[in-house]
Amino acid sequence: MSAPSSPLRMPRLLLTGAAGGLGKVLRERLRPYAEVLRVSDIASLAPAAGSHEEVVPCDLADKKAVDALVAGCDAIVHLGGVSVERPFEEVLEANIKGVFHIYEAARRHGVKRVVFASSNHVIGFYRQTEHIDAHAARRPDGYYGLSKSFGEDVAQFYFDRWGIETVSIRIGSSFPEPANRRMMSTWLSYRDLTALVEKSLFTPGVKHTVVYGMSANRDVWWDNSAAAHLGFVPQDSSEIFRAKVEAQPPVAPTDPNAIYQGGGFTAQGPFGD
Ligand code: NAI
Ligand code: 15L
């Protein structure tokens, strides 16, 4: 089947983490934006759906394999890696080495645009009473948040040194619906995620832009004015789920989920003591 057309289209787009929750969503929804979508993961992937897809298994910790993975691609949507708080050694391999390998390969192969799935956990230790923009000092809430903070630094370095442009999307909580009270503020619908990735891929001159990935929720903690040039206007809101979420038992005021923007991530670990 031929891919649906879009005026915004490139020859070959790489999607890492394509077997994951968001990877499965974007594998479908990014299809109009590339002649060929190269999908990759360390986990097993559904076979290529047609000539518009290439399936390339890869461990992001393997530098040579990542170099081959990136060869021939025009842009990268980098979702792959550990996506929750885990022991540092796991985060080191998949996320820290992984993001370095992606940018090294981008440099070697002349890829000029990366969309990096960063996370709200780079600023997770801000309180829910605080309002911050992209310039607020980072306050990572664990090894996972540290790895995303490193990824944002790598993105800035590869722009300053090599001119590779990146949009780092500090995704809030992107799931079919908000699962709890905290996510009423952090929720990012799949439709808004897709629109933000599109803007991140095709807006000219983004340099290294940091944007918060959230829908037009009623009570938000993040200010996206520093990313206004992306022209991202979210269409959805968590408000339609409010009654369902507020029917859940109340969260104690001393619970990190009620205090910190990063919620429960701020209280995880250490591992293996
Ligand atoms: P996920 O855990 O479902 O998907 C991540 C994928 O990366 C998995 O399929 C996994 O197999 C793959 N992966 C892990 N280690 C790998 C390695 N060494 N080599 C190659 N692939 C590897 O996570 P999800 O929810 O789809 O998130 C996608 C990205 O967005 C992640 O980078 C995550 O940190 C980020 N993000 C997601 C949020 C959300 O609400 N879903 C919020 C904030 C950030
Ligand atoms: C993340 O960074 C995780 O990848 C995701 O699984 C959610 O936990 C999300 O943050 C969140 O903060 O809700």
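Ligand 1 has 26 residues around it, and the closest ones are D41, L79, S83, Y144 and S174. Keep in mind that this is a predicted model. There's a second guest too: ligand 2, whose neighbours include S83 and Y144. So let's take the two ligands one by one.

**Ligand 1: who touches what**
- The backbone does some of the work here: a polar backbone atom of L22 sits 2.7 Å from an oxygen atom of ligand 1.
- L79 also uses a backbone N or O atom, 2.7 Å from an oxygen atom of ligand 1.
- For I42, a backbone N or O atom is 3.4 Å from a nitrogen atom of the ligand.
- On its own, ligand 1 would expose 820 Å², and the protein buries 85% of that.

**Ligand 1: its surroundings**
- Ligand 1 takes up the space of the largest pocket.
- Helix 1 (21–29), strand 5 (113–119) and helix 4 (143–162) are the elements that each give two or more residues to the shell.
- Strand 5 provides the largest share, with three residues.
- Sorted by character, the shell has 12 nonpolar, 11 polar and three charged residues.

**Ligand 2: who touches what**
- Look at the side chains this time: an N or O atom in the side chain of H121 is 2.7 Å from an oxygen atom of ligand 2.
- R182 offers a side-chain N or O atom at 2.7 Å from an oxygen atom of ligand 2.
- S173 has a polar side-chain atom 2.6 Å from an oxygen atom of ligand 2.
- Taken alone, ligand 2 exposes 320 Å², of which the protein buries 83%.

**Ligand 2: its surroundings**
- The space ligand 2 fills is the largest pocket.
- Its shell splits into four nonpolar residues, six polar and one charged.

How values were computed. Residues numbered from 1 in each chain as written. Chains lettered and ligands numbered in written order. Predicted model: local features only at pLDDT ≥ 70, side-chain atom pairs only at ≥ 80, totals over all residues. Heavy atoms only, no water. Near = heavy atom within 4 Å. Polar contact = N/O pair within 3.5 Å; in protein donor to acceptor, adjacent residues only side chain to side chain. Areas by Shrake-Rupley, 256 points an atom, 1.4 Å probe, with all protein chains shown as cover. 1 Å grid on protein atoms, 1.4 Å probe; cavity = no way out; pocket = protein on both sides within 12 Å on 5 of 7 lines; lining within 4 Å. Sits in = over half its atoms within 2 Å of the grid points. Helix = DSSP H or I, 4+ residues; strand = E, 2+ residues; numbered from the N terminus. Nonpolar A, V, L, I, M, F, W, Y, C, P; charged D, E, K, R; others polar.
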